[in-house]
Protein chains: 4
Amino acid sequence: MRLALIGAGRIGQVHAQAIDAHPDVTLAAVADYHAEAAETLAQKYGARAIAADAIFEDDDIDAMLIASSTPTHADYLERAARTGKAVLCEKPIALDLARTGEALRVLEAHPVTCALGFNRRHDPQFAALKRAVVDGRIGDLETLSIISRDPAPPPAEYVRASGGLFRDMMIHDFDMARWLLDEPIAQVQAQGSCLIDPAIGEAGDVDTAMVTLTTASGRLCHINNSRRASYGYDQRIEAFGSAGMLQAQNESETRLRFTGEPGQVEDKPKWFFLERYAEAYRREIDDFVHAWRQGREPLAGARDGLEALRLAEAAERSLREGRRIALADIH
Amino acid sequence: MRLALIGAGRIGQVHAQAIDAHPDVTLAAVADYHAEAAETLAQKYGARAIAADAIFEDDDIDAMLIASSTPTHADYLERAARTGKAVLCEKPIALDLARTGEALRVLEAHPVTCALGFNRRHDPQFAALKRAVVDGRIGDLETLSIISRDPAPPPAEYVRASGGLFRDMMIHDFDMARWLLDEPIAQVQAQGSCLIDPAIGEAGDVDTAMVTLTTASGRLCHINNSRRASYGYDQRIEAFGSAGMLQAQNESETRLRFTGEPGQVEDKPKWFFLERYAEAYRREIDDFVHAWRQGREPLAGARDGLEALRLAEAAERSLREGRRIALADIH
Amino acid sequence: MRLALIGAGRIGQVHAQAIDAHPDVTLAAVADYHAEAAETLAQKYGARAIAADAIFEDDDIDAMLIASSTPTHADYLERAARTGKAVLCEKPIALDLARTGEALRVLEAHPVTCALGFNRRHDPQFAALKRAVVDGRIGDLETLSIISRDPAPPPAEYVRASGGLFRDMMIHDFDMARWLLDEPIAQVQAQGSCLIDPAIGEAGDVDTAMVTLTTASGRLCHINNSRRASYGYDQRIEAFGSAGMLQAQNESETRLRFTGEPGQVEDKPKWFFLERYAEAYRREIDDFVHAWRQGREPLAGARDGLEALRLAEAAERSLREGRRIALADIH
Amino acid sequence: MRLALIGAGRIGQVHAQAIDAHPDVTLAAVADYHAEAAETLAQKYGARAIAADAIFEDDDIDAMLIASSTPTHADYLERAARTGKAVLCEKPIALDLARTGEALRVLEAHPVTCALGFNRRHDPQFAALKRAVVDGRIGDLETLSIISRDPAPPPAEYVRASGGLFRDMMIHDFDMARWLLDEPIAQVQAQGSCLIDPAIGEAGDVDTAMVTLTTASGRLCHINNSRRASYGYDQRIEAFGSAGMLQAQNESETRLRFTGEPGQVEDKPKWFFLERYAEAYRREIDDFVHAWRQGREPLAGARDGLEALRLAEAAERSLREGRRIALADIH
């Protein structure tokens with residue numbers, strides 16, 4: 001697979017590395033709004049810099065990875081579909097349901113392999129948890145708890161453009177919830193506060209939130225977000241069922257333990273997503289290539305993006321209105 | 001302290017053992033609706049069996065422990081107050097706010113040392129967590145998560161008389177939340193399902209529930225209850241703040257680890273409250289005696305019972321009405 | 001069982017508490033070289049102070065617990081046997097094989113229930129490990145590792161009278177090795193150093209030692225001793241076999257975990273034997289009473305004391321001579 | 001760095017992958033006794049197959065990695081030195097001290113960058129332990145314990161040619177001991193048995209062994225080897241000092257925990273060295289390239305190979321003679 005990357009920023013660089021390490025994918029070209037950024041990244045991996053528009057006309061390019069700024073995602077995605085290129089698009093497709101829905105309709109009209117960047121589904125530990133649930137290790141799944149805390153809050157200006165905590169951060173957890181619960185979600189209840197940075201509150205957002213999802217059959221899911229965990233990236237999932245419990249625990253750089261005056265001390269959790277999800281990004285590329293070759297759906301696709309966004313909308317409305325929201329009311 | 005115990009059932013027996021082991025308390029008498037039960041328990045600890053009514057006329061008795069059936073609690077509590085006896089009353093005082101409020105007014109009119117059986121405050125691990133929070137170990141407390149799951153569901157007839165999951169089971173977690181958050185709770189949101197035993201649903205109750213509390217300053221608290229955890233009594237608390245996190249983990253009988261074909265295996269959590277809270281029951285008695293001697297308030301008192309019940313009421317209403325309930329509306 | 005305690009020092013007090021808590025044993029009398037010490041301890045538990053010699057003439061006393069100074073053990077033990085009293089004797093019977101052997105011969109001539117204070121066999125965690133080995137959980141036992149470190153070194157004058165690290169401290173580990181290996185030990189190899197306190201070296205002893213035992217069938221056992229572990233009492237055992245491994249881990253006061261700047265921090269191990277083996281001391285008394293009643297051997301008896309002492313002698317000789325010692329050569 | 005690899009077997013393939021992933025090293029050529037094996041591996045990474053002899057005449061090749069069979073190591077190493085090529089040689093240089101000493105003299109006469117394949121020094125966890133010891137985290141280092149168990153025993157014919165457990169397997173642990181103790185080792189004591197496979201005993205070797213090392217200043221080190229751990233590759237190190245303890249724990253594929261009927265279960269340790277030391281092999285290549293570029297010594301060099309072999313010889317002699325061996329007597 002010859003692949004063009006749009007976006008040479010932080011997440012683009014993560015993907016470039018994963019692409020380079022994959023035996024079956026060649027990083028053919030890199031585009032970025034800042035030409036030098038594209039040039040630098042392209043050079044590092046022996047690719048060429050390219051204008052974004054040129055990608056769609058280049059028959060030598062099989063696939064593209066969209067890691068540019070959020071407002072450009074939907075357009076690039078549609079153009080990829082129309083020009084028959086496989087596409088791996090960073091989440092979100094768009095910050096609103098209408099624009100996301102349009103993009104889905106284009107994809108339906110022009111079907112291509114389309115993966116969405118819900119990287120956590122590819123994390124080895126979460127994947128093992130999913131497998132164990134499917135294999136019936138805990139009997140019937142009854143409740144799910146997802147804890148997801150970033151190490152440090154973003155600047156308020158980022159928050160302003162981000163679509164808010166539910167769309168920007170909890171969107172990953174909504175996707176994990178959908179993937180693990182594996183049945184329609186019926187209701188959403190949200191609560192949130194601004195406890196960390198008043199500027200986030202002034203930007204109209206919360207930095208601490210708890211959401212409860214209820215599925216059609218009554219399973220309950222708790223999601224717990226904070227924009228700041230002083231000890232690093234807190235990424236845990238607990239699945240509880242009739243025959244037991246599965247817990248995905250935080251991962252550390254080493255398992256070295258010191259025992260001394262302060263107690264028994266092990267490393268903090270890995271600092272942030274680059275460290276925690278390095279392997280997930282590699283597997284995401286791998287899944288994308290294999291889906292493209294085999295003509296099958298990738299592990300996470302465009303519709304998953306739409307559905308996670310509906311949950312974010314519902315949560316936002318529940319927070320605002322102080323009541324349980326039926327997901328059926330969110331279009 | 002010469003103490004009379006009312007109620008020779010399971011929880012009465014737990015208390016009798018703790019009383020017997022305490023150097024400063026003598027189990028003077030045991031009363032029970034079933035005279036033989038009182039007789040048997042009294043004999044075991046060298047006490048005498050007594051009629052409940054006789055306790056209040058016995059000047060030789062300093063204090064009483066009410067461990068009889070729930071509907072009798074409020075009456076006995078009031079009679080203890082009127083006759084000037086210190087009293088340790090099992091929770092709840094009553095299943096409704098009106099009756100509980102009456103008992104509190106009697107206590108105000110006839111002040112005696114009055115402790116309420118919120119045993120978990122006396123658990124060494126939770127007490128250490130509380131101390132660490134107060135000492136500022138995690139900076140400003142921002143969120144709290146309380147997981148509390150019983151090993152096996154009670155029979156539906158028990159459920160019917162219990163006042164429901166929020167009053168009967170989550171009441172302990174409401175108390176822990178109040179104690180640890182240490183500020184007024186403003187709002188309550190609840191969600192619940194019947195996933196374990198349909199008979200519980202037919203009795204009008206849920207067996208699986210999640211509640212979100214919000215304090216006046218915006219702190220969030222998640223409570224997670226299930227009537228059945230196949231692996232034993234699941235009793236964990238996580239306090240998260242600006243400078244870190246505290247986790248009270250489950251306790252096991254031993255720390256023995258087996259590594260072999262199935263993986264690295266440690267013991268299950270202790271089976272139920274008798275095992276998990278044995279030390280808490282001892283410390284509860286100790287706190288009661290010291291409070292009585294020193295004329296100070298016990299760690300948990302009658303008002304804590306009322307406040308926890310208000311939270312249970314709010315949760316029930318929220319579950320029913322599908323909306324956030326302001327605690328100020330619960331009287 | 002009406003029991004007299006000889007020795008009102010630290011370990012005597014531990015036993016007194018365990019005796020008092022046992023429903024089937026009465027602490028009838030306390031003797032001590034210092035009459036006031038006996039008086040104080042006796043009073044605390046409603047017993048009477050007594051002269052040591054008077055115990056043996058008191059038909060009302062069924063049993064005695066010898067917790068006096070080491071040089072008195074063998075004499076008291078023999079007198080207990082001759083006067084038909086059950087006896088629980090703190091280890092060691094004596095510091096040399098000859099005197100220990102004599103006492104054993106007296107016990108053979110005058111058989112009474114005789115337990116030796118190898119308290120660790122009664123520790124719930126080690127007992128669970130033993131049971132799992134016997135049950136075949138790890139297949140054939142191949143190697144054993146015993147780590148035993150005291151929190152702080154004793155004063156050099158204590159060391160001088162103690163018989164040395166192998167007789168005073170590692171004696172417990174020799175007993176655990178014998179108990180767990182459950183087959184004759186054939187060879188002993190020792191190595192030791194004085195790394196902690198030069199005064200210990202000047203007293204002719206080591207403070208850090210490693211010993212390797214080999215059983216008749218070739219099983220290997222490593223024992224690791226240090227007189228000082230800054231973090232508390234380090235008491236671990238690892239049994240390794242053809243089908244897996246069992247690890248008895250250190251125990252802490254709580255399972256509370258703090259995650260923050262320094263990492264993920266749990267409590268240090270319990271500080272010393274009073275904390276770590278409180279339950280073992282209770283079970284030791286319980287085993288003693290039951291052995292006495294049922295006319296069976298206690299879990300650890302006088303012969304175990306002799307055999308552990310032979311291992312200590314062999315280790316000392318190996319350290320001195322720099323070679324492997326056949327246990328058959330130690331009489 | 002343009003590198004030629006000799007040996008396309010299992011360990012050669014591991015190195016090829018690590019070389020390919022390193023941005024600064026090019027796998028230029030692959031040689032193997034079996035021409036097809038060389039061809040296949042070369043093709044996989046875009047290198048050319050080459051005859052081993054041709055490497056030394058190729059000016060285009062900067063360095064070579066010797067991963068061929070043990071008896072060829074010393075010759076290739078000497079030829080690399082004589083032709084001025086940097087060399088990373090798999091351990092051991094040779095199975096006897098004489099041949100190893102010769103190779104060292106050639107290296108002295110023809111100095112090139114020479115690294116020896118003691119991969120464990122490059123393991124992130126052991127490296128972190130080393131750093132913590134050097135930084136004084138545990139005060140003065142007093143004792144060291146190294147546990148090293150393979151998942152399954154090799155066939156007896158392998159054992160026969162391997163030089164025996166001390167030279168073939170414990171050699172890694174001797175190197176870790178030297179590296180971590182960081183002071184001359186004075187004495188060696190060994191004990192060993194054949195408990196797993198009688199054919200190993202018939203081949204004149206042991207499959208289970210314990211060794212005690214003593215340094216010049218009296219530090220003690222325990223090494224614990226087994227040829228078979230049913231649960232996977234058991235690789236742990238414990239460093240104990242005046243101010244605390246460091247423990248490098250086993251690593252698992254995930255941190256997923258299941259709690260249910262069998263208890264609290266986590267993954268077994270990683271299966272074998274390919275899984276456990278994948279990162280170590282990458283860092284080994286990285287250290288080699290940097291040492292070559294900077295003209296400094298690699299983390300492990302030829303002399304470390306000789307010294308570890310001396311310890312193996314001493315252990316073997318101690319096992320045979322049943323006594324402590326002074327390392328000064330091993331030449």
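Here are some notes on the contacts between the chains of this predicted model, followed by a few points on the fold and backbone.

1. **The contact of chains B and A.** Let's begin with the pair B and A, where 45 residues of chain B meet 45 residues of chain A. Together the two chains bury about 3300 Å², and 51% of that area lies on carbon and sulfur atoms. On the chain B side, Q191(B), M210(B) and R324(B) give 19% of the area buried against chain A, more than any other three residues.

2. **Polar links between B and A.** Six salt bridges cross this interface, and 25 residue pairs are in polar contact, both residues being at pLDDT 80 or more. Many elements of chain B take part: strand 7 (141–149), strand 8 (185–193), strand 9 (208–215), strand 10 (220–226), strand 11, strand 12 (244–248) and helix 13 (302–321) each supply at least two residues of the side that touches chain A. Sorted by class, that side of chain B has 15 nonpolar, 21 polar and nine charged residues.

3. **A reciprocal pair of salt bridges.** Two of the bridges are worth viewing together. R236(A) forms a salt bridge with E238(B), with the closest N and O atoms 3.0 Å apart. With the chains exchanged, the side chains of R236(B) and E238(A) also meet in a salt bridge, at 3.0 Å from N to O. R236(B) sits in strand 11 (residues 234–241) of chain B and E238(A) in strand 11 (residues 234–241) of chain A, so this pair joins two chains. Over all chains, the structure holds 132 salt bridges.

4. **The contact of chains A and C.** Now for the pair A and C: 13 residues of chain A and 13 residues of chain C make up the contact. The area buried between these chains is about 1100 Å², with 47% of it on carbon and sulfur atoms. T259(A), Q264(A) and K268(A) account for 41% of what chain A buries against chain C, more than any other three residues.

5. **What holds A and C in polar terms.** Which polar links are found across the interface of chain A and chain C? There are eight residue pairs in polar contact, both residues at pLDDT 80 or more, and the salt bridge count is two. One salt bridge brings together the side chains of K268(C) and E261(A), at 3.3 Å from N to O. On chain A, strand 13 (256–260) and strand 14 (263–266) each supply at least two residues of the side that touches chain C. Strand 14 of chain A gives the largest share of that side, four residues. By class, the side of chain A that touches chain C has four nonpolar, five polar and four charged residues.

6. **Strand pairing across A and C.** Strand 14 of chain A and strand 14 (residues 263–266) of chain C run antiparallel and are joined by three bridges. Within this pairing, V265(A) stands opposite V265(C).

7. **How A and C are related.** A turn of 180° with a shift of 0.0 Å along the axis lays chain A on chain C, with an RMSD of 0.0 Å. That is the relation of a two-fold axis. In chain A, the C-alpha nearest the axis belongs to V265(A), at 2.2 Å. Why do the copies meet through the same surface? The reason is that 100% of the interface residues of chain A are also interface residues in chain C.

8. **A parallel sheet in chain A.** Chain A has an open sheet of six strands with parallel pairing, in the order 3-2-1-4-5-6. Its edge strands are strand 3 (48–49) and strand 6 (114–116), each pairing on one side only. Strand 1 (residues 2–6) and strand 4 (residues 63–66) of chain A pair in the parallel sense over four bridges, and I6(A) has I66(A) as its bridge partner in strand 4.

9. **Backbone points to look at.** Most residues other than glycine have a negative phi, and most peptide bonds are trans. The peptide bond from K91(B) to P92(B) is cis, with omega near -5°; P92(B) is in the loop between strand 5 (86–89) and helix 5 (97–109) of chain B. In chain D, a cis peptide bond joins K91(D) and P92(D), with omega about -5°, and P92(D) is placed in the loop between strand 5 (86–89) and helix 5 (97–109) of chain D. D182(B) is not a glycine, yet has a positive phi of about 55°; D182(B) lies in the loop between helix 9 (170–181) and strand 8 of chain B.

Key:
Residues numbered from 1 in each chain as written. Chains lettered and ligands numbered in written order. Predicted model: local features only at pLDDT ≥ 70, side-chain atom pairs only at ≥ 80, totals over all residues. Heavy atoms only, no water. Contact = heavy atoms within 4.5 Å. Buried area = accessible area lost by both parts, 1.4 Å probe. Salt bridge = Lys/Arg side-chain N within 4 Å of Asp/Glu carboxyl O. Polar contact = N/O pair within 3.5 Å; in protein donor to acceptor, adjacent residues only side chain to side chain. Nonpolar A, V, L, I, M, F, W, Y, C, P; charged D, E, K, R; others polar. Pairing = 2+ DSSP bridges. Least-squares fit on C-alpha atoms with pLDDT ≥ 70 in both.
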